[in-house]
Amino acid sequence: MADFTPRTIIEPFRIHSVEPLRLTSEAQRRAALVDAGYNLFNLRAADVLVDLLTDSGTGAMSRDQWAAIQRGDESYAGSPSWFIFRDAVQELFPFRHVIPTHQGRAAERILFSAIGGPGKVVPNNTHFDTTRANVEATGAEAVDLVIPEGREPQSDHPFKGNMDVAALDELLAERAGDVPVVMMTITNNSGGGQPVSMANLLAVREVCDRYGVPLFLDACRFAENAWFIREREAGMGDRDVRDIVREIAAVADGMTMSAKKDPMGNIGGWLALDDDALAEQCRNLLILTEGFPTYGGLAGRDLEALAQGLHEVIDHDYLRYRIRSTAYLGDALQRVGIPVVTPIGGHAVYLDARALLTHLDPLQYPGQALAVALYEVGGVRGCEIGTVMFGRGPDGSEQPAAMDLVRLAIPRRTYTQSHMDYVIEVCDEVARRAPDLPGYRITDQPAALRHFTASFEPVP
Ligand code: F0G
C-alpha cells in the first residue's frame, strides 16, 4: 500500500516555552493609537495581540539554538564561536571573507561606504528601505529594475522578484563605469516577498560579466527563495535546498545579510565577499563602528545561535511548512475578497490597500489607513509598505509609490494556525469597514526613513 499522504501540513515542531498575549478592547487600542501618533512603530508591543510588523528578529529560536547560546565563547579575538559561525556561513555561501555585523544594515553601510559615493549608481531588483537609504547616504543613486510584472500586485508570474535583464543591460551599456555593484534581493521584500529564479540570477551574472561589474546578493530570505526555486523552476524539484543555495552563492561575488530573517536569529548579520582588497577596506570600517573582525557587532553566543539557525532553516520539512503557512493566510484572505499581492510570497502576505481603499488618494496613505484599522479592530500590527515608506524623494518631493501595500509578515515558528484564523477574521471585518476608513496626513517627519518615526493624523 502507498504511504498515507496527509493534506494537512503541520508545524514540524512543538512548543517548549510560551509567552502570554494580552487581550485589549477597541477603546484601549484607539487610545494607544492616539498616543503613538498613529504610527504603529510607536506602539508598545505589549498592546499588540498578533504582531506581524516584521519577520525580522521576531522568530522563535529552537531548543538547539538555546543550547548553542550556552556554548557561546565571549573571547574578544578568535573565539571558537566565531569559527563555528564562519564555517556555517561558508558551508552555504563559500565566499573567502565573512565579516560579522550586528544586523543587515550595518553590512550595507560598510559596503556602500567603501564603494558608493556621488556619481555612482546601484541597480537592484528592488532596494529594501535600509539598502536604499545606505546607498543614498553616500550620495549614490539607487535604481530599482524589477521586471514589470513585479510592480503589478496581481500578476501571476512565478518569479516576480526577477531583475529586468534588458533594463540592466541598458543601464550598464550607458554607465557601467559608475556602477560599483549590482544587487539582487532574494526574496524581493519590498516587491511582495517574491522570489528570483536561478535562470534570472544566471542571466544577471552574464550581463555583469560582460561589463565587468560585481554582483552581490541581499540574501536575507535565501532559504525561502531556494524553496521557491525548488518548487517552481523546471528541473529543480528533486534538488536539495542546500545545493540550490550553494548554486545561488556561486553566481555572486558577495552578499549582505540580515541574520534576523532566515538564519533564525534575534540579532545579527554579515557581509561576505571574495575581493581581498575590498574585504580589507570593509574590515577597517567594521573595526571603527562594529567591533573586532571575529565578532563584529555580535556576542559569541549570538554567533552560535546563528550557526545553528543556518542548519535548521534549510530543512525541507521546515521550508514546506513555512511557505505553506504563509500561503494559508494569503489564500484565506483572497477567499473573503481581500486584494493581496499574488502569488503569495515567502515571509509575508501583502494586502493591496490601494485596491481596497479606492476612496483614498495615494497621498492620503491608504496603506497607513489600512494598517491603523487592522490594529484598531483586532490588535493586529502590520506594516505599511507604500507611499509613507517610499513616497518622498531625496529632495523632499512627495510622489505616490508604485504600490500601497500593508505587509503582514509572519515571524518564524512563532504563531499557530488559530492565530492566523483570528487574523483572517480581523481582516474580513476591516474590509467590511473599508469605505468608511479615513486617510492620513503626516504632522511630523524626519529627513530619511520617515516611516519609523513620523506622526500622523486622520483626515476627516
Ligand atoms: N535587506 C532586506 C531585503 C531586508 O528585508 C532587511 C530588513 C534588510 C536588508 C536590513 O536588515 O533589519 O537586519 O538591518 N528587513 C526588515 C523587515 C526590517 O521588516 O523587512 P536589518
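At what angle do helix 14 and helix 16 pack, and how far apart are their axes? I took this up first, working throughout from a predicted model.

**Entry: helix 14 against helix 16**

I read an angle of about 115° for the packing of helix 14 on helix 16 (residues 417-433), and the axes lie 9 Å apart. I noted the crossing of these two helices as right-handed. On the helix 14 side, I listed L370, A373, L374, V377 and G378 as the residues that make the contact. From helix 16, I listed Y422, V426, C427, E429, V430 and R433.

**Entry: L374**

I picked L374, which lies in helix 14, for a closer look. Is L374 buried or exposed? I put L374 down as buried, because its relative accessible area is 1%, and the limit for buried is under 20%. I then looked up its contacts, leaving out the neighbours within four places in sequence. L374 touches V426, C427 and V430, which I had already listed on the helix 16 side of the packing. L374 is also in contact with L351, G379, V380, V406 and L408. I checked one distant pair as well: L374 and Q28 are 346 residues apart in sequence, and their C-alpha atoms are 14 Å apart in space.

**Entry: the sheet under helix 14**

Which strands does helix 14 lie across? I found helix 14 (residues 366-378) across strand 9, strand 11 and strand 12, running at about 40° to strand 12. These three strands form an open, antiparallel sheet in the order 9-12-11. Strand 9 (348-352) and strand 11 (383-385) are the edge strands, each with pairing on one side only. On average, neighbouring strands of this sheet are turned by 35° against each other, direction ignored.

I went through the pairings in turn. Strand 9 and strand 12 run antiparallel and are joined by five bridges. In that pairing I located Y350 opposite R407 of strand 12. Strand 11 pairs with strand 12 (residues 405-409) over three bridges, also in the antiparallel sense. There I located I385 opposite L405 of strand 12.

**Entry: strand 12**

How many residues of strand 12 are buried? I counted five of its five residues as buried, and the strand is mostly covered. I sorted the side chains by direction: L405, R407 and A409 point one way, V406 and L408 the other way. In a regular strand the side chains alternate between the two faces of the sheet. V406 and L408 are also among the contacts I listed for L374.

**Entry: cysteines**

How many disulfides does the structure hold? I found zero. C282 is in no disulfide, and the nearest cysteine sulfur, that of C220, is 17 Å away. I recorded C282 as buried, with a relative accessible area of 0%.

Why is C383 not bonded to C220? The sulfur of C383 is 14 Å from that of C220, its closest cysteine sulfur, which is too far for a bond because a disulfide needs the two sulfur atoms within 2.5 Å. C383 is buried as well, with a relative accessible area of 5%.

**Entry: H127**

I moved on to the loop between strand 3 (121-124) and helix 5 (129-137), where H127 lies. Its relative accessible area is 0%, so I recorded H127 as buried. What does the side chain of H127 reach? I found the backbone oxygen of V122 at 3.4 Å. I also found a polar contact between the side chains of H127 and D144, at 2.9 Å. Setting aside the neighbours within four places in sequence, the contacts of H127 are V122, R132, V135, A142, V143, D144 and S190.

**Entry: V165**

Last, I looked up V165, in helix 6 (residues 165-175). Is V165 buried or partly exposed? I put V165 down as partly exposed, because its relative accessible area is 21% and buried means under 20%. Beyond the neighbours within four places in sequence, I found V165 in contact with N200, A203, V204 and V207. I also noted its C-alpha distance to L145, which is 20 residues away along the chain: the two atoms are separated by 8.2 Å.

Methods
Residues numbered from 1 in each chain as written. Predicted model: local features only at pLDDT ≥ 70, side-chain atom pairs only at ≥ 80, totals over all residues. Heavy atoms only, no water. Pairing = 2+ DSSP bridges. Helix = DSSP H or I, 4+ residues; strand = E, 2+ residues; numbered from the N terminus. Axes fitted to C-alpha atoms, helices over the stretch in contact; angles between N-to-C directions. Contact = heavy atoms within 4.5 Å. Buried < 20%, exposed > 50% of the residue type's maximum accessible area, 1.4 Å probe, protein only. Polar contact = N/O pair within 3.5 Å; in protein donor to acceptor, adjacent residues only side chain to side chain. Left-handed = near helix turned anticlockwise from the far one by under 90°.
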